[in-house]
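Trainee: I'm new to this one, and I'd like a close look at a single part: the place where the ligand sits. Please walk me through it slowly.

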Amino acid sequence: MQSFQTTSLKIENNQLWILDQQALPQKQIWLPANTVEQLVDHICTLRVRGAPLIGLSASLLLALLAEEGVSQPDLLTALEQLRASRPTAVNLMNNLDFMKKVLQQNNFVPALSDAALYLVEEDKNLCEAIAVAGNTLIKPNSRILTHCNTGGLATAGIGTALGVIRRGFESGKIDHVWVDETRPLLQGGRLTAWELGELNIPYQLICDSMAASLMSKGLVDAVWVGADRIAANGDVANKIGTYSLAVLAHYHQIPFYIAAPKTTLDANCLNGNLIPIEQRAASEVTGVSGQFGTVNWAPENAKVYNPAFDVTPAALISAWVLDSGIITPEQVQNGIFNAA
Ligand code: MRU
């Protein structure tokens with residue numbers, strides 16, 4: 001397969017490599033992902049993460065396995081194993097559905113490779129289109145609050161919500177970004193802070209619980225977040241803590257925007273209650289671990305509830321900014337996502 005590199009994945013010498021997002025920002029370590037077991041492990045441990053990136057890495061691995069001579073039935077098994085690695089982000093399922101159709105063709109080996117590379121290129125273009133559309137909503141001197149990580153690390157391109165923020169900053173309209181640390185896995189504190197620093201975009205890191213106070217003081221002009229799955233009625237699953245921000249934004253009359261590519265739409269899912277929410281290990285809440293070490297603060301047998309995502313009802317969303325443009329609440333109520 002043709003070599004290329006994005007912020008967080010690369011193909012080199014016909015091998016898939018991923019930038020270890022658990023090691024960032026302390027260390028930049030590229031890890032091989034050459035088998036289904038390896039990639040599933042990277043996805044489950046969030047070394048590879050972000051809705052678009054999960055789907056792209058799974059598609060690329062499938063194409064590489066085909067080039068190595070893995071049979072059609074075994075590729076199908078591999079595809080299903082990859083599909084089951086994380087349940088909430090629908091980009092994984094959408095990308096793999098696309099790859100599955102290609103796998104059923106006669107000349108599937110080169111076709112899978114073309115298809116995976118197409119998805120990577122497409123994602124870059126989707127990110128750019130989201131940023132162009134989103135930038136029209138950014139007001140001069142904006143102070144934007146964002147959650148989790150939606151940038152180059154989570155996509156093949158400039159990102160979704162963070163791509164909008166990047167283009168808004170380049171247009172001179174963003175003064176400052178508030179970065180939610182995003183407990184429990186700290187994607188904001190570790191990854192978004194790192195990306196904004198690399199881009200020289202002024203930011204301040206806050207604990208998730210500080211957002212309400214900032215909003216009440218008039219320090220937040222808009223909230224921009226990504227999505228892991230958008231249901232047909234416009235409800236959105238995204239990183240745990242997103243719903244709290246939407247409620248707070250609504251109370252303080254601050255616009256709350258979702259930025260996502262078409263690969264995040266699930267027209268078959270009628271509403272947010274039907275979106276499967278991943279439950280994760282207790283250890284993520286009883287302490288924290290990473291390149292900085294491991295700390296446990298809770299009692300050893302503390303009972304934990306750890307949903308990785310929550311659902312924001314459509315009624316709290318000011319607009320859905322997709323690659324196709326800005327979608328209004330009226331359009332959503334009229335069923336625009338049903339036909340997606
Ligand atoms: O568990 P993660 O880190 O994969 O969760 C990521 C998010 O919730 C992002 O907001 C979402 O995937 C959009 S990334 C462009």
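Trainee: How many residues of each class does the shell around the ligand have?

Mentor: The shell has seven nonpolar, seven polar and four charged residues. For the classes, Ala, Val, Leu, Ile, Met, Phe, Trp, Tyr, Cys and Pro are nonpolar, Asp, Glu, Lys and Arg are charged, and the others, Gly among them, are polar. Before we go on, this is a predicted model: local features need pLDDT of at least 70, side-chain atom pairs count only at pLDDT 80 or more, and totals for chains, interfaces and linings use all residues. Residues are numbered from 1 along each chain as its sequence is written, and side-chain values use heavy atoms, with hydrogens and water left out.

So who's there? Around the ligand there are 18 residues, and R49, Q187, D228, N238 and K239 come nearest (near means a heavy atom within 4 Å). Look for polar contacts next (N or O pairs within 3.5 Å). The side chain of N238 brings a polar atom to 2.7 Å from a ligand oxygen, and an N or O atom in the K239 side chain is 2.8 Å from an oxygen of the ligand. G50 joins in through its backbone, where a polar atom is 3.0 Å from a ligand oxygen. Taken alone, the ligand would expose 410 Å², and the protein buries 100% of that (Shrake-Rupley areas, 1.4 Å probe).

Where do these residues come from? The elements giving two or more residues to the shell are α2 (51-67) and β10 (236-239); helices here are DSSP runs (H or I) of at least four residues and strands (E) of at least two, numbered from the N terminus. Both domain 1 (4-127) and domain 2 (133-334) supply at least three residues of the shell, with bounds from an automatic or database assignment.

Now follow the chain back from Q187, one of the nearest residues. The loop between β6 (174-180) and α7 (187-198) holds P184, which is joined to R183 by a cis peptide bond with omega of about 5°. T182 is found in that loop too, and it has a positive phi of about 70° although it is not a glycine.

Technical notes:
Polar contact = N/O pair within 3.5 Å; in protein donor to acceptor, adjacent residues only side chain to side chain.
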